[in-house]
Structure formats: C-alpha cells, structure tokens
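Biologist: I'm new to this one, so could you walk me through its pockets and its ligand? Please start with what you mean by the word pocket.

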Amino acid sequence: MTIAGQDEPEFEPLKDFVRYSESEMTARSSAFLSNLKRRRTIRDYEEGAVPRPVLENCLRTASYAPSGANMQPWHFTVIEDSAVKHRIRVAAEEEEREFYETRAPAEWLKALAPLGTDADKSFLEHATLIAVFAERYGKLPDGTRVKHYYVQESVGIAVGFLIAALHHAGLATLTHTPSPMGFLTDICGRPENEKPYLLLVTGYPSSDCQVPVFGGTRRGMDEVVSWV
Ligand SMILES: Cc1cc2nc3c(=O)[nH]c(=O)nc-3n(C[C@H](O)[C@H](O)[C@H](O)COP(=O)(O)O)c2cc1C
C-alpha cells in the first residue's frame, strides 16, 4: 500500500502545535529529562500480563513517529501467549549460547562483561514481548512492490517513541537483539518483505530486580554535544 502516493500535494492549516513560553518550555523539558533519566534496561520481570489499553496507546504513539517519505515501514507483533513466548525463549537461547560460546569476538564479550548478561533469557517467558519488524519494501494489494526509504532510521525512531511511551506509562523495557533473529519471522508468521528488527521486552520489574551500575553511566554533555 502506498501512503504518500498522491501526485498533487494537498495542504491544511496546522492545528495541533502548541506554543509555550520560554519558562514553560524549560520546565517541560526539565520534567521530561527527569522522567527519562529514570529509565533503565530491566532483565528481571514479574510474571504476568500488562494492561492491553496501555500497550495499545504506546504502540499508537510509536506509529506517530516520523518516517522516510511517510512510508511507516514498521510492524509490531505483541506476544502474550505463554506457548509462543516459550518458543521464542528456546530459539533465542539457542542463538545466544552459540554467540557467547563461539561466535562473539573477545572485544564484544569484554564490552558486555559489565552488564552481566549471558545466554539465559528467562525474562522472555515472564514479560510481554513486542517483536518489531522493519518492512524492507511495501506491497500493494495487487502484489506490486513499493520502495521504502530510510527504513532502519524510521523504525529506530519509532522504537525510541515506543520505549519512551512505555516508560512514561510505568512499564520497564529491555531492548533485546538476539543475533541472528530470523526465527521471529516464522514464530510470528510475518511475510518475507519484513525483517525482524528487535525484540522489545516489557513489564514490571521483579521485586528483587538489580541493574548494572555500568549501564546507568552517561557520557558527559561536553563529549556528546558540540555547539557551533
Ligand atoms: C540496539 C540495542 C540492542 C541491545 N541489545 C541488548 C541485548 O540483546 N541484550 C541485553 O541484555 N541488552 C541489550 N541492550 C540494552 C543495553 O545493554 C542497555 O541499553 C545499556 O547497557 C544501557 O543501560 P540502560 O538502558 O539501563 O541505560 C540493547 C540496547 C540497544 C539500544
């Protein structure tokens, strides 16, 4: 389906932009910073479902991300079924065992060491999973291919919206990237024009949840921002 497929562009007055005073903007940006500073990647979850209306709002938020030529090249599969989660855990752990035991270069393992991660992915059976797929190209109802632009960037931005929305709603997340993750295509029954992008794990942290100190460290503003 082509979304931005009109020859003659149509325009309408911008209705929804809100103009704040400078002090309001400072207060709002500061509050947003304080909230997002509390986000951490969580690897230990309480068992149980999260409210579907919350997930729906957050996924809708993700769908409002900007995208190259407005192609919206993403698909989100929410996995709540325990048998499907089990299949995903088994497949992911198989890849991860191989990764940690044979495939991972020493330098990568060294970078991961402070996070304390290993091939055990039990959280995949405790939390809710959102498999994110990137549409490499679109398809019209008659099967014609539609070119998509900046797919990686667009899906990455949508996932950023999603992580922020879930955190804002009161849910924790883990960005999980089993490598390779082709098994998600089969298990989620997705078409061949979609490529698994990542697996977002979400839910409530377990009561004894711990996080690596290292993961919370941030590079200084001087280092990551320059003003010209
Ligand atoms: C693209 C991407 C892939 C990631 N893949 C994994 C992963 O496969 N397993 C994992 O445990 N954490 C993964 N993470 C989480 C990072 O380890 C985590 O964000 C980082 O250590 C910083 O910690 P924080 O999110 O608590 O600030 C990933 C994060 C990103 C952005």
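Modeller: A pocket here is an open set of points on a 1 Å grid over the protein atoms alone, with protein on both sides within 12 Å along at least five of seven lines. Please keep in mind that this is a predicted model.

Biologist: Fine, how much space lies in the largest pocket?

Modeller: The largest pocket holds about 730 Å³ of space. Its lining is made up of 29 residues, and those closest to the centre are Arg43, Leu112, Leu115, Thr117 and Leu174.

Biologist: Which helices and strands each supply at least two residues of that lining?

Modeller: Three helices and one strand do so, namely α3 (82-103), α4 (106-112) and α8 (213-216), together with β5 (172-176). Sorted by class, the lining of the largest pocket contains nine nonpolar, 11 polar and nine charged residues.

Biologist: And the ligand, where is the space taken by it?

Modeller: The ligand takes up the space of the largest pocket. The residues that surround the ligand are Arg39, Arg40, Thr41, Arg43, Leu115, Thr117, Leu174, Thr175, His176, Thr177, Gly215 and Arg218.

Biologist: What gives the largest share of that shell?

Modeller: That is strand β5, from which three residues of the shell around the ligand come. As for the classes, this shell has two nonpolar, six polar and four charged residues.

Biologist: Which side chains have a polar atom by an oxygen atom of the ligand, and at what distance?

Modeller: Arg43 has a polar side-chain atom 2.6 Å from an oxygen atom of the ligand, and for Arg39 a polar side-chain atom lies 2.9 Å from a ligand oxygen. Thr175 takes part through its backbone, where an N or O atom lies 3.1 Å from a nitrogen atom of the ligand. On its own the ligand has 630 Å² of accessible area, and the protein covers 67% of that.

Biologist: Changing topic, what lines the second largest pocket?

Modeller: Its lining consists of Leu33, Leu36, Lys37, Arg39, Arg40, Gly216 and Arg218, and the second largest pocket holds about 190 Å³ of space. By class these lining residues are two nonpolar, one polar and four charged.

Biologist: Which helix gives the most to that lining?

Modeller: Helix α1, which spans residues 22-37, gives the most to the lining of the second largest pocket, with three residues. Arg39, which is part of this lining, also has the polar side-chain atom 2.9 Å from an oxygen atom of the ligand.

Terms used. Residues numbered from 1 in each chain as written. Predicted model: local features only at pLDDT ≥ 70, side-chain atom pairs only at ≥ 80, totals over all residues. Heavy atoms only, no water. 1 Å grid on protein atoms, 1.4 Å probe; cavity = no way out; pocket = protein on both sides within 12 Å on 5 of 7 lines; lining within 4 Å. Points joined across faces, edges and corners; volume = space filled by probe spheres on them. Helix = DSSP H or I, 4+ residues; strand = E, 2+ residues; numbered from the N terminus. Nonpolar A, V, L, I, M, F, W, Y, C, P; charged D, E, K, R; others polar. Near = heavy atom within 4 Å. Polar contact = N/O pair within 3.5 Å; in protein donor to acceptor, adjacent residues only side chain to side chain. Areas by Shrake-Rupley, 256 points an atom, 1.4 Å probe, with all protein chains shown as cover. Sits in = over half its atoms within 2 Å of the grid points.
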